[in-house]
Every structure is written in structure tokens, then in C-alpha cells.
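This report describes selected local features of one structure. Please look over the sequence and the model before reading on.

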Amino acid sequence: MPPPLLSSQKAAILSSLNDAQRRAVTSDAPTVAILAGPGSGKTHTLTSRVVWLVDHVGIRPEDVIVATFTVKAAREMKERIGKALGNGREKKIVLGNFHSIARRYLAAYGRHIGLNQKFGIADDADSRAIIKRICNRKPVQPDPAAVRAWISKKKAKGTEVDKKNARKDAAKNKGLQDLEECYQEYQSHLEKSNLLDFDDLLVKCVELLQKFPSCVSNIQTVLIDEYQDTNGIQYELMKLFAQRHKRITIVGDPDQSIYGWRSAEVKNLWRFLADFRATAEISLEENYRSFRSILDLSLLVIQQDKNRYKKMLKPIHNRGPRPVLRKLKSASAEGDWIVSEIKRVMMMSGGMLTNNDVAVLLRSASLSRHIESALGKAGVAYKMIGGFKFYDRVEIKVIIDYLRVIYQPENNDALGRIMNVPKRGIGEGTIQKLHEEARQASISVWALLSKHSRGERTAKTRIAAPMEQKIVTTLLRPLDIIRKKIGESAGPGGTPFGLVEVIEQLLSSIEFQKHMQLTYPDDHEQRWANVQELVSLAADFVRDLAQSGEDDILPEIEGLEQAKETEVLPRFLANVSLAADAQTGDKDEESKPVVTISTIHAAKGLEWPIVFVPAVYNGSIPHLRAEDNDEERRLLYVAMTRAQNLLYLSCPVFCSDGKEDGPPSRNQLSPFIEPINRAFANKGPCLDRPVMSEIAKVLGRKLPSEDDIFRELPTMFSIEDNIFPVDPEQKQTDSTNEAPRAAKRPRLSGPGHQTNGEEIPWKKEYVTTMEQSTAFTASALPGFVSASTHQARIAAEAAVNEALKAAEKAEKLKKMTASKRPLDQTSILGFVKTASSSSSSQLLPTSNKPRAATTKTGYSQFSFPRSSTSTQPKPALEPELASHKLPTGKAIINRPARPAREEEVKKKQYPAFSSSPQRAPPAEEELEDVDEEPPEPTRAAACMHTTTFTSLPHTGFNRGVKRPPGLRREGEIAPLDKLRKPFRPLTMNKGR
Ligand SMILES: Nc1ncnc2c1ncn2[C@@H]1O[C@H](COP(=O)(O)OP(=O)(O)OP(=O)(O)O)[C@@H](O)[C@H]1O
């Protein structure tokens, strides 16, 4: 038992926690369930509990198991715990995802259940290939993907369920028997090749711990992160890990259960509460991550699921800008809009936000094409998570396969894949024949080839001798040499031949660089750089292993012999297989800010200040082939709740569906968004000072001064999200019976947009350099003008600004007293929309009109696009007009509440222009915000004025303003708060 913690140490652990978190961290209960919504600090609490248990309760780090869902999460947690514990003690904790923990136990004790200690891991590609071959041999060939899913599901369910279902299954139809046969063949193939697939790691570990409980007799406590995504077998494993002392802490959020396809079971939650009746349930209710408006809308999405486990979620931050639902004409326009919005946010933050703060979260990786293309064109650096990973790159996979064969020559699949890489003139047919012959002889392909090379060919031999000879000389021999060297180096007095040497010798003996040059003439350099990266990763791995020394080894259990993993190569290979879900490779990643593109699945547990969720249409989310719509909804919820400050959803109105001719088909808005679509803003928020200051506050960053920000803004920079029409179908509307609208502003580039009123075919791709140039020249900026026009404009603006300064003061005073400002007046954009006439000239402000957009510093960029002194043919104004949407009469006529609201607005303008605190909007107002989209802002009186309180009640601007305490009446619950109130707090819906 370590000495009791000093009160200062104790305080250090607890200081960053709120009351509920503190209760969870310090709970004495043997089983603790921390169930809470996103951003409530579940992971933070779990990490702190580990530190508490080690430092305060006195549990040895090596007696603690912490299981996470992904390798990435495990790494992050280890780092966090390491910082808090110090002295490298975190290394002794058995911490990892379920698969890696299981592998450690199997490597140490697997031989007790008859496992060959040299087992390898069959990754997804391996198991797919094996199952495909098995299916191909069947007279009626089943779908390999379906067979694989069935096998995986069967294993994931766990042994208890398996036994229960055995009888039921046996009675089922012939189809099931076929599946069962495939399963048996698959398992026997894995056994012969001494491979375990990912599911087997868990299944075998369960078997081990059931038969030899003493393996985990030292374990005092088990902690599980992202519990909602555990499946049946993981649940069993968790119980087996903790079988001695039955001390378990789980943290999770049923609303974030998104791995149903991996057999994750939300049911596991009530199973846990039923199995451990004395569990202390602790809910964390404060959300530390997101602005209130983001949470409100996310809750409106998840609350559509009536069967969910209801929890309270209270935002601690202010409202912030309203999340955006942006409609674009096509997927490529969507990509371009995302880029333009990223640039706008970066510029308006004056460098406070960087590309690192942005994530684009996709329902499926295949949606990334247009986003990547738009980012690429604009020169915006990005990285992919959950898409194409380092270890999935062709050149890396080949090398890994070679290493697998070096370690385990009996790995037929890996051998099959490398047989003709580099090209050796060996076709698929030859490889198939070798596999078949080896299968019939019940030996591995390697053994078969070795036998033949010794001249032991038989009548059954199907491959021509010269062909075999070629395989032996170009493949088997070089690999044998390497194997021999590894063996010798392990013996006494052997020459050291480490992992890096193995890879280097391999690369030279198969002339891999030459192969790259011949096979990939266009990008062989990049591919070779990847190979070099693998070499340095291997070097890092060896170094880390040397540093961690004995830390990685499980503690000795008396009476139970443990195998020591001395070989580096198998550990490296296991690491590669298990790291499949962690992005590796980009060394630049940390130094250069990059936008993250990720699947929603891979974004779990992460957060970003700015989040884009494109393609929110039916068929994308919920996905066309999704079986469980509730899970799809949860996915959207997970995506939305990753956002801290700015959340953008977008939807291309038309989809390409690969058709060359004919009209494009229409996308329907996601059914999860459709009922609440009016609660979103229809374009990006005004990023004025109050909004940016609020973001700075939440992120704990320093916002540059206005002077600094505006100094960096390019001339003619558009401070509004107005490059793309808010209604992408305006063209069609125009052609019916409405008055003609002004031509739209030339867009950045790309298809799907209009230039001078003429529509570019929306499917057109970026083919010419000229078209592409718009993405990297100044003309890419909205409202681009020539240098001479620009100079003239600056001079005119300077003169005007001087006059304005005086007029502005008087105007402000007038506005404050007269309250004549039209409804919804907030943004600079609205300024040009004040007039409701269809005449464009009326919509242009005259130069002597006072403009609040002119800052006290006199920067006039804001007014450039609409300056009447411009000789430019209305460059920046047209899109405004095109997207102009006046508050309709309908809203006023149909809603008697409107006039009242007008009154209210008038009243509320007051505090906005005074130094007194802003009044809290009444509860009804909040509900209206959600029910109905507020009309477009009509005038930009205040948003850029530094001395003006710019928040108005029913627009995006007041989101950043904290409600002064005490303004809401005692006990009054705003409608949205009512929605947040749990229906049955901490009561499981066990009927699911
Ligand atoms: N008591 C606290 N005080 C201040 N910030 C906190 C507190 N607890 C957590 N946070 C912060 O809140 C954010 C979210 O925390 P964390 O990632 O632990 O939440 P989570 O519940 O695991 O989220 P999710 O389920 O969405 O992954 C982090 O930035 C974290 O630092």
C-alpha cells in the first residue's frame, strides 16, 4: 500500500472535476456505471479514476486493466494517464483496445489452451481472401461478404449466447448448414496457418480465462471506455478480466452506440446493471464541449428516438451561432462551399483558428471525393481518418505480407499475395493450383514448394517445374536467407539482425524500389517515401520496445508459466494488424495544420471547434443499405456533437448518380433533419467580434485584435457566407413567373454554379488549368476587382469613411431612439436587403448612407463589395440579390405571434445599444427559434461596430452572449430545457 496521498496531490486529481465527476472518480462502489451524453467528460472522468485508484486507493498499475474501443483512444488515454501519474507508471497498466489486451494474454499464456505460441493475426484482408476461396469451392457459391459477416457475428456474440442458440440454429434450414460448413472450413484453415482473426483473439482469450482464471488473478480493477459499443464477447471478457475482485467501472453513452454492424449491443448496458445490482450509477450532466445551440439541435435529432435511454445534458457554454443547414446545387458545389467557408472562418479568426480545428465528417468514406477535390484545388492541406490508412496503402501492405511470410511461411494467403509482386510472371491460376494442391496434401504452400524444390514432385503436381523453380529462386530463397539470419542472430554470439535490417535486406533482395518505378511511374517517389516511412516506423517501434523494457510484460502469476515474447518481428506485425484503426504515417501532421476528413465512425470520442457534416440526405444518412435507422440517427448525433463552436450540415440538392445524360435526380433531405430543418440557419453565421470572442473563450485562446484581423483580410474578402446562393434552385424559380433577379456573383470555380446568369453544366469537371487557376489566384476571392479599380475604390472609400464616421454617430443615436430598424436586422448582408424591391439599384446602398459595418478602425473592406463608388459591374452584390429572401408576408399573416415579436424586437434593440446587460429572451422566443427559421437579416447596422452590442434576440448574433444570471424567473424552464429534462432519469428502457 503506498503512503496516503497528500491533500495537495488529492486536490490536484480532483481539481479539474465537477461534483458528479468527482463522485464517479472517488466512488467506493465495486461497480460504477458512468452514463452520460457527449462532451460531458466521460473519458476525462475515467482517466482521473485510474489515477485515483492507483495513487489514492493504492492499486498497482499492473493490476489495472483499461479497455478502450480503438487503438487511437488507447494511445490518447495512456498519454493522459501518463501525465497525471508520472514516472512512466502508466506503461505498466494493461491498457489497450480489447483485441490488443486479448493478444497480450494469449501471447503470454495461450499455450495452456494449446495455442501455438507463434500465432499470427489474420487481418480483414486475410480473412476476406480465405472466405472468398472457400465460397468459390462450393457448388452453390454463397456471397463471401455475407458469410464473413455471419461468421464474425457468430463469434462476437460470445460463448454463452452461442450455446443457447446452438440447438435453435441446428434446426434451421440448409442455408444455415452451408454457413456452418464455411465456418468450419474457415476455422480449420486458420488453425492450419496458425492464424487468429480479430474475433478469435477475443474468443480464445475468453477460453483461456475461463479455463485458467489465475491468469488474471492479480487484476484488482477493470475500466471500460465507450462501453455502449462493446459486443457480447467483449462483455464476457470484461467479466472474466474482473472475475477475482469484480471491480468494474464502465463509461458510455447509449446515444452514441454506432457499431451495431460490429455486433455491438446496446443491451449490454442493462445486462451490466442486471448482473451487478449494486452498481453505482452516476450521470454527468454538464456538456463542456459545445455551444448551447449545437446541443439543442443535436438533442432534437436524438430525441426522435422514443426508446432511448434518456439523460440530462446541460450546456455550460453560451448559445453561440446557430448551426447551419446549407443547401448546395451539387456535391462538387458542396465541396467548394466547404472550402470557402473554411477560408472565411480562418480569415475572420485572424489565425486563432487553424485548419487543425476543422473536421469534415462523412457517413461513408466514399463521399470524400468531392471534398478532397475541392480542398486539393484550393491547396488546403488535409488528412484522412478512417479512410485510406497508412497500413492500407498497396506498397505497405506488400511489405507487411512479405514480413508475415518471413515470420510464418505457412501463411498461405500472405504468400499467395506476394507471389507475383514484383512481377514474376505467375498468374492467379498458378497460385490457385498451388493452394489447391497444398490443401489436398494438408501442408502449407511454402512446404509444398520447398518439397518440390528438393525434387520431390509427384504425379499430382500441377505446376510446371520451370515455373516452380522461378518462384523458389526469386521468392523462397531470398526469404529463407533472411529467416536464417534472424535465427542466427537470436542464437549465442549471433550477428545482430534487427527488424530494420530485415526490412532493408528484403527491399533490396526483391528490388522493391525498381518495382515501384516500373509499376507506378506517376507516383513511385511518393510510394517509395511511404516505404521509407515504414522503415522509420519500424525503427521507432524497436526503440520504444527497448525503452519500455519489461513494462509491457504481464505480471508473473505464481504457478502459471508465462511465455516471454522475445522476438521483435511478431510483435511488430501484431502491432500493425491491431493498429488498423489508427492513422499513422504523416510526420508532417503535427507541424502543419490540416483539415481532418473522417468517417463519423472514426470520429467517435473526438472533438473539433468546427465540424462539417456534408451529404445529409436520405440514402446517405440514413444510409441506403442501413438496417437500423435508429443507429443511423445516432451516427448523425455523434457527428453533430463533435462540434465545439461551429456546426455545418449541408446537402446537395441534386445527385449525379453517374448518369451522363438526362436531368440529375433529386436528393431528399435526411428524415432526421427534415422535421427540424427550420431550426437551422440557412447559411454560415456572421463571424463578428462577439461570436469570435465567445469561441476564443470556449477554446481558451487569445483572439487577435480587430486591427490585426482586418489587416490580414484580402481586399474584397467576403465576410459573409454569400458566394453560393442560399437557394440553389433559384434559376428554375426565376424562369417561372417571378420578376427577373440580378445576375449572381461569379463563383470561385467548378461546376454547378452560375456565371453572369448563365448556368455552367452542373456536372462539368475541372479540366482546364484556367478553370483551376481560380482556386489559387486572387480572383478566387469573392468580388474580385482589377488593381486599378481597387485603388480608385480605396481612395473613394477613404473619403466616404471620413464622412461616415461623423454620420455614423448620429445615425446610431437615431436608431436607438426611433427603433425603426426592420425586423431581424443584424448582419451586414442584411444591409443590402433592406429594400424589398426587385430592382437592384434600390438594393444598393448609396455611398453617403451611414454604414455600421465600417469599423472604428476605418477598415473599409467590408463595404467594398457594395460600394456605389465602384466602377466594377456590381461584383459582390448579385448573389445577395439572387439569394435574397425577404421575410414573407406569410409568416406575419399566419402567425399572430409576429407582431408581438416585432414589439419585442423593438424593445430588445435597446440593450443591444446600451452598456446595460442584455435581457434574457423569454422562453417562448427560444421555442420559436427552433420551430421556425427566422427571416433573413435585413440590415447590417451593428454587427461590425466595435462599440455596439451586436446581439439581437432572434438571430445568430445573440448566441455568443451570456445570459445575465438571475434574469430568468425562478423555477421557469425554457421549452428546450424541458426537452433536456430526463423523462426517467437513470432508468433503463429494458424493453429494447
Ligand atoms: N470538469 C471539467 N471542466 C472543464 N472541462 C472539462 C471537464 N470535464 C471534461 N471537460 C472537457 O470537455 C471536453 C469533452 O470531454 P471528454 O472527451 O472527456 O467527453 P466525453 O464525455 O468522453 O465525450 P464523447 O462521449 O462525446 O466522446 C474535453 O475537452 C474535456 O477536456
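The text below covers the ligand site, two annotated residues and some backbone features.

The model is predicted.

**Ligand site**

The ligand is surrounded by 18 residues. Pro38, Gly41, Lys42, Thr43 and Tyr288 are the closest of them. By residue class, the shell around the ligand holds four nonpolar, 11 polar and three charged residues. Helix H3, which spans residues 42–57, contributes the most to this shell, with three residues.

**Annotated positions**

An unreviewed UniProt entry lists Ala36, Gly37, Pro38, Gly39, Ser40, Gly41, Lys42 and Thr43 under "binding site". Two of the listed residues, Ala36 and Gly39, are described here in turn.

Ala36 belongs to strand S1, residues 31–36. Ala36 counts as buried because 25 other C-beta atoms lie within 10 Å, where the cut-off for buried is 20 or more. Residues up to four places away in sequence aside, Ala36 is in contact with Lys42, Asp253, Ser283, Leu284 and Lys311.

Gly39 sits in the loop between S1 and H3. Gly39 has 26 C-beta neighbours inside 10 Å and is therefore buried. When neighbours within four places in sequence are left aside, Gly39 touches Asn287, Tyr288, Arg289, Ser290, Glu607 and Thr641. Tyr288 is also among the residues closest to the ligand.

**Backbone features**

Most residues other than glycine have a negative phi, and most peptide bonds are trans. The table gives four places that depart from one or the other of these patterns.

| Place | Feature | Value |
|---|---|---|
| Val421 to Pro422 | cis peptide bond | omega near -10° |
| Ile621 to Pro622 | cis peptide bond | omega near 5° |
| Asn194 | positive phi | phi near 55° |
| Lys246 | positive phi | phi of about 50° |

Pro422 is in the loop between helix H17 (412–418) and helix H18 (428–441). Pro622 is placed in the loop between strand S15 (608–613) and helix H25 (629–640).

Asn194 lies in the loop that runs between helix H9 (174–192) and strand S5 (195–197). Asn194 is classed as partly exposed because it has 17 C-beta neighbours inside 10 Å. Lys246 is found in the loop between helix H11 (232–241) and strand S7 (248–252). Lys246 has 14 other C-beta atoms within 10 Å, so Lys246 is also partly exposed.

Terms used: Residues are numbered from 1 along each chain as its sequence is written. This is a predicted model: local features need pLDDT of at least 70, side-chain atom pairs count only at pLDDT 80 or more; totals for chains, interfaces and linings use all residues. A residue is near a molecule or strand if its C-beta atom, placed from the backbone, lies within 6 Å of it. Helices (H or I, at least four residues) and strands (E, at least two) are DSSP runs, numbered from the N terminus. Ala, Val, Leu, Ile, Met, Phe, Trp, Tyr, Cys and Pro count as nonpolar, Asp, Glu, Lys and Arg as charged, and the others, Gly among them, as polar. A residue is buried if 20 or more other C-beta atoms lie within 10 Å of its own, exposed if 12 or fewer, and partly exposed in between; C-beta atoms are placed from the backbone. UniProt positions are given in the numbering used here, feature names are shortened, and annotations may be inferred rather than shown by experiment. Two residues are in contact if their C-beta atoms, placed from the backbone, lie within 7 Å.
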